[in-house]
Amino acid sequence: MIRFKSKHLYQIPAFTVLLACTLFSCKQSPPPASSGSQPEDTASTYVPSFNADSAYDYIAKQVAFGPRVPGTKANLACAVYLETTLRSHMPDVMVQKAVVRAYDNTLLNIRNIIGMFHPERSDRILLCAHWDTRHIADHDPDPDMRKNPILGANDGGSGTGVLLEIARQLALDDPGIGVDIVLFDAEDYGQPEDALPQKEDTWCLGSQYWSKNPHKPGYKARFGILLDMVGAKNATFPKEEYSVYYAPGIVSMVWETASRLGYGAFFPDRLGGAVTDDHYYVNTILRIPTINIIHQDMSGAKPFFEHWHTVKDNMESIDPLTLEAVGNTVLMVLHQQKKKTL
Ligand SMILES: [Zn+2]
């Protein structure tokens, strides 16, 4: 039985639901993607050495700015920190600035921060995460807290922290392919789920803008991986449903890689809900097959991790073991791509 739960509103079209139901109720293996699948023995000599303490520190540094709500001083200061840190690992970094309109008509100055590892290489992989944090803790159990912005250690900080550490690792051990790290702003400024009337496409404003206006005209990547809420203790990343629909072969490859590395408990071979997240727009606008590694609660008690969109999404939410599982898996995936290009 497929559960539909969403970080944001369920926007999965009916035909998508039907297709996904068919795939999974029959227990069929998803068909291989046109690219990305790898024989088991590739990159067999590579041992990923993602440093979880370093990633943890990158998250703590972001959280120390306070809530990074688009348009605030903390957001601006953190953007400078992210740009500087990325640039310390790869020389080609750019900041894409834009003004977008939020669901409440607020005009937001946003910054997508883009690091290009070996931009001259035509064969590229996209890695992305959002770095902003939600302006309201609208899922806090305490009603008095719900108007406060969140610190977003896990929701915003963790994916970005993992990608900063991956950037550091790329500089130490070149996987032999091009990699773009795109940090999206304004993912989390969406309309509350219970507000009426519901408007379309109010979440993921940074990735919507980038997908319509990529940093390079005609930008292409072989596939993409989005990280969101990848830091909680004992996190579980079931196979998110849009990912399975748009990039089934990439999902298989990534989950198999995680299992081979001993991270099967984090990456269960189960279907999760469909989440309207940045990868949805990268898939539907830019047509780059992109998956989402996102924490969904396997018990169904909550949609995501325990402190999602609450004021308790702080550093206590972050466990280095989870960061390491995700970071090593993504690094291994990158290094597995190298031999495909020979
Ligand atoms: Zn969020």
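Q: Two strands pair if DSSP finds at least two bridges between them. In this predicted model, over how many bridges do strand 1 and strand 2 pair?
A: The cut-off is at least two bridges. Strand 2 covers residues 107–117 and runs antiparallel to strand 1. In that pairing, Met 94 stands opposite Ile 114, and Val 95 stands opposite Ile 113. The number of bridges is ten.

Q: Which residue in the turn of the hairpin of strand 1 and strand 2 has a positive phi?
A: Five residues lie between the two strands of this hairpin. One residue in the turn has a phi of about 75 degrees. That residue is Asn 105.

Q: Why do strand 1 and strand 6 each have one side without a neighbour in the sheet?
A: Six strands make an open sheet with mixed pairing, in the order 1-2-4-3-5-6. Strand 1 (92–101) and strand 6 (290–294) have an open side because each has a single partner strand, and their place is at the edges.

Q: What is the average twist from one strand to the next?
A: The sheet is built of six strands and is open. From each strand to the next, the twist averages 20 degrees.

Q: At about what angle does helix 4 run to strand 3?
A: Helix 4 (residues 153–172) lies across several strands of the sheet. They are strand 2, strand 3 (124–130), strand 4 (178–184) and strand 5 (223–228). Its angle to strand 3 is about 145 degrees.

Q: Are helix 4 and helix 9 oblique or parallel to each other?
A: Helix 9 spans residues 320–336, and its axis is 10 Å from that of helix 4. The packing angle is about 45 degrees. Angles under 35 degrees count as roughly parallel, and 65 to 115 as roughly perpendicular. The angle here falls in neither range, so the two helices are oblique.

Q: How many nonpolar residues does the contact of helix 4 with helix 9 have?
A: From helix 4 come Ser 158, Val 162, Glu 165, Ile 166 and Gln 169, which meet Leu 323, Val 326, Gly 327, Val 330 and Leu 331 of helix 9. By class, one residue is charged and three are polar. The nonpolar residues number six.

Q: How are helix 5 and helix 8 set, roughly parallel or roughly antiparallel?
A: Helix 5 covers residues 205–212 and helix 8 covers residues 278–286. Their axes come within 9 Å and cross at roughly 20 degrees. Angles under 35 degrees count as roughly parallel. The two helices are therefore roughly parallel.

Q: Is the crossing of helix 5 and helix 8 left-handed or right-handed, and how many charged residues does their contact hold?
A: The crossing is right-handed. Helix 5 gives Ser 207, Gln 208, Ser 211 and Lys 212, and helix 8 gives Asp 278, Tyr 281, Val 282, Ile 285 and Leu 286. Four of the contact residues are nonpolar and three are polar. The charged residues number two.

Q: Which residues of helix 8 are buried?
A: A residue is buried if 20 or more other C-beta atoms lie within 10 Å of its own. The cover over the buried part of helix 8 includes strand 3, strand 4, helix 5, strand 5, helix 6 (241–246) and strand 6. The buried residues are Asp 278, His 279, Tyr 280, Tyr 281, Val 282 and Asn 283.

Q: How many other C-beta atoms lie within 10 Å of His 279?
A: His 279 sits in helix 8. Among the residues it touches are Gly 224, Tyr 242 and Asn 292. Asn 292 is 13 residues away in sequence, yet the C-alpha atoms are 6.4 Å apart. His 279 is buried, because its count within 10 Å is 30.

Q: Which residue does a cis peptide bond join to Leu 196?
A: Omega of this bond is about -5 degrees. The partner is found in the loop between strand 4 and helix 5. It is Pro 197.

Q: Is Ala 186 buried or exposed?
A: Ala 186 lies in the loop between strand 4 and helix 5. Its phi is positive, near 55 degrees. Burial needs 20 or more other C-beta atoms within 10 Å. Ala 186 has 29, so it counts as buried.

Conventions
Residues numbered from 1 in each chain as written. Predicted model: local features only at pLDDT ≥ 70, side-chain atom pairs only at ≥ 80, totals over all residues. Helix = DSSP H or I, 4+ residues; strand = E, 2+ residues; numbered from the N terminus. Axes fitted to C-alpha atoms, helices over the stretch in contact; angles between N-to-C directions. Contact = placed C-beta atoms within 7 Å. Parallel < 35°, antiparallel > 145°, perpendicular 65-115°, else oblique. Left-handed = near helix turned anticlockwise from the far one by under 90°. Nonpolar A, V, L, I, M, F, W, Y, C, P; charged D, E, K, R; others polar. Buried ≥ 20, exposed ≤ 12 C-beta atoms within 10 Å, placed from the backbone. Lists of a residue's contacts leave out its neighbours within four places in sequence.
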